[in-house]
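User: Could you take a close look at the cysteines in this structure for me? I would like to know how they are paired and how they sit in their surroundings.

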Amino acid sequence: MSRKRLGLLGLALCIALTAALVAGLTASAGRASQETAAQKKNYKMFLIPKLIGVNVFTENGKGAKEAAKELGDTVIYNGPTEAVAAKQVPFINTASQQGADAIIISANDPNAVAPALKRAVARGAKVVSYDGDVARDARTIFVSPPSAQAIGAFQVEWVGSQIGYKGEIAILSATPTAANQNTWIKFMKAALKKPKYRNMKLVKIAYGNDNPTDSAKETQALLQGYPNLKGIISPTTVGVAAAAQVLQQEGKCKSIALTGLGLPNEMRKYIKAGCAKKVGLWNERDFGYLAAYVAHYVLDGTLTGKIGQTFKAGRLGKRTVVVSDGNRPVVVLGDPLVFTKANVDKFNF
Amino acid sequence: MKRVLLMAGRLLARWETLLVIAIIGVGIWSTTLSPFFLLRANLLDLLTPYAFIGLMAFGLAFVVIAGEIDISVASILAVSVVCFSQLYDKGLNVWLALVAGLVVATMLGCINGVLVGIFDLPSLAITLGTLAAYQGLAYVILPGEGVAAFPEGVTKFGGGYVDNELPIALLVLVAFAIALGFVLHATRFGRYLYTIGSNREAARFAGIPVARVRVTVFAISGFMAGVAGIVYLGYFGSARADAAQGSLLDVVTAVVLGGIDIFGGSGSMLGVFLALVLVAELRNGMQLANIAGDTQNIVIGVLLLTAIVVGNVTRAIQARGLPSGLRRKGVIATATVTAGLGTEPEPQELKGR
């Protein structure tokens, strides 16, 4: 038998095998069929972060599990190791295959995960997005951090107050396609138009891809490219930590004010060293906690996404479904927290 | 009888056979991990999220068999996808836009091919450069958050289902595996590839149009990245400049695990397909068992390392106990051929030995 024919035979064999595997196992198809969600008390929820191994998302996961414990639900926290939408989709698929009652997701691309989420919904799951929203028709409710308008405006104020509201500033963002980053930047630009900030000039928006190495490189490029730079806003925890490290190494902590969204645990040493005097964020644990509460109440029918619906989110108290930043329906976490030398030791995440 | 035994032995020693055994093994393991693994819906949908990876890997296989590498495939996919979406967004007929996307992808592949094949520059360096350049180009063509609304006629290639169950992307994948497998294993062009990959100088002396073939393999790789782009677009329903970002390693994994010799000259399309099935199955099984993403990466990495070590050791043993470190391109290529790891023709007469 020639090699060619052997090859074709192999190919045929493989296809036959695949077909057999697929078709022959139909018998088991009914085994774990959809259980009806009605009247079910213990919900199975999947929290899919943008990526795992990053503190913020780990905190979200802990918060969601805390809420699940109070509600008698289970939360499974898992996701890809890179912030890539295409790698989140298999996790959505497998959550759905496992009969997920709810999928709570922070999306890397609002659209790329939408078809998979819609398939999961067709199989009986409810979808709640948080942090990184998804296409509106692919989820019931979006759980938002402090409103984007507030996050944008707060950060401009934090940097402005340190540089006397005068001079060149730059933004170190994550990826150019990250929806939340772009919205915050939009509101930063809007805030900069206010008379109070008229002497501040945004000279550059750099992208560090939420990757420490790239972020450090971009910070160095900012320092070299803009010798008159007075301040940097980095609205991403990865970016702000990398930038603080670069400022410390280059001895520029005094001449350049760094602010942004950072984790207290990661930023503590820089805050204390004066390399990032004001860094803000929201309580990441509360964020995951709230998202799980929302998912639970969506599942039991309390929340359908109608504006004005209210519910009690455990220790966070009463919350309302609102329109926020033109987006709907949204449940908002609250105002940003500011970490300074004085309070940073009170937080542990 | 002896011949039958010999043939059985040969079949067993084939890389593809080992992959099939591994696929069955992982299948059994996954079944014990999760009760959801063996569901028909799960098995049918197993490959769909990885279809675009597979299509890129099929194209890359041609390049690697010819003894080169193309690491710009994911960037070509991104450019092709954003070109399509921009043209469609500007009002061009959707099918024309689709063809334009494919043409652009093939052109970008040709640029790689000309630089490598005609100017004789190292393919790793060239495609490393175009990897960055094409990625940048994608951001220039479509900055920001991208386009998301496409007609169903186009998205069905990646995201459609027959009878709400059988993914069309799977059919596309299998169709291309068969068609490209035919080109690779049953045409003169395919034979040229193996010869060039085994010993380029000898191939030139044998009168094979080496430069033309080398340009063509990169064009094929580019074209397949374009096809992968169509499936990507359909499945994920989103065209952005960062499309397929982070997928390069998965593409290379499918090719290497598929038994394609990274030094060129051997390997089969079936192997690449089986490797894709194996990786997709392994990831699916672990995800259904909710094993953390980083642990999954370790398992896949170990699998790849094992495959390479086992593959090289088998080849070395079959080359009469020659340690793999002593393998030299061209000289031992013959041994690789006799080891029967691929379905390549036998180019011994071209070796000049």
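**A close look at the cysteines**

Analyst: Happy to. In this predicted model, Cys253(A) and Cys275(A) are both buried. These two residues form a disulfide, with their sulfur atoms 1.9 Å apart, and over all chains the structure holds one such bond. The torsion about the S-S bond of Cys253(A) and Cys275(A) is about 80°, so the disulfide is right-handed. The pair links distant parts of the chain, 22 residues apart. Cys253(A) lies in the loop that runs between helix H8 (237–249) and strand S9 (257–260) of chain A, while Cys275(A) belongs to the loop between helix H9 (264–273) and strand S10 (279–281) of chain A.

Now for chain B. The closest cysteine sulfur to that of Cys83(B) belongs to Cys110(B), and because the distance is 15 Å, it is too far for a bond; the cut-off for a disulfide is sulfur atoms within 2.5 Å. Cys110(B), in turn, is in no disulfide. Their surroundings can be put in numbers too: Cys83(B) has 13% relative accessibility and therefore counts as buried, whereas Cys110(B), at 26%, counts as partly exposed.

As a backdrop for those two residues, chain B has 16 helices and two strands. Of its 353 residues, 56% count as buried. Chain B exposes about 13900 Å², with carbon and sulfur atoms supplying 70% of that area.

Note on methods:
Residues are numbered from 1 along each chain as its sequence is written. Chains are lettered from A and ligands numbered from 1 in the order in which they are written. This is a predicted model: local features need pLDDT of at least 70, side-chain atom pairs count only at pLDDT 80 or more; totals for chains, interfaces and linings use all residues. Side-chain values use heavy atoms; hydrogens and water are left out. Helices (H or I, at least four residues) and strands (E, at least two) are DSSP runs, numbered from the N terminus. Buried means under 20% relative accessible area, exposed over 50%, partly exposed in between (1.4 Å probe, protein chains only). Accessible areas come from the Shrake-Rupley method with a 1.4 Å probe; for residues, only the protein chains shown count as cover.
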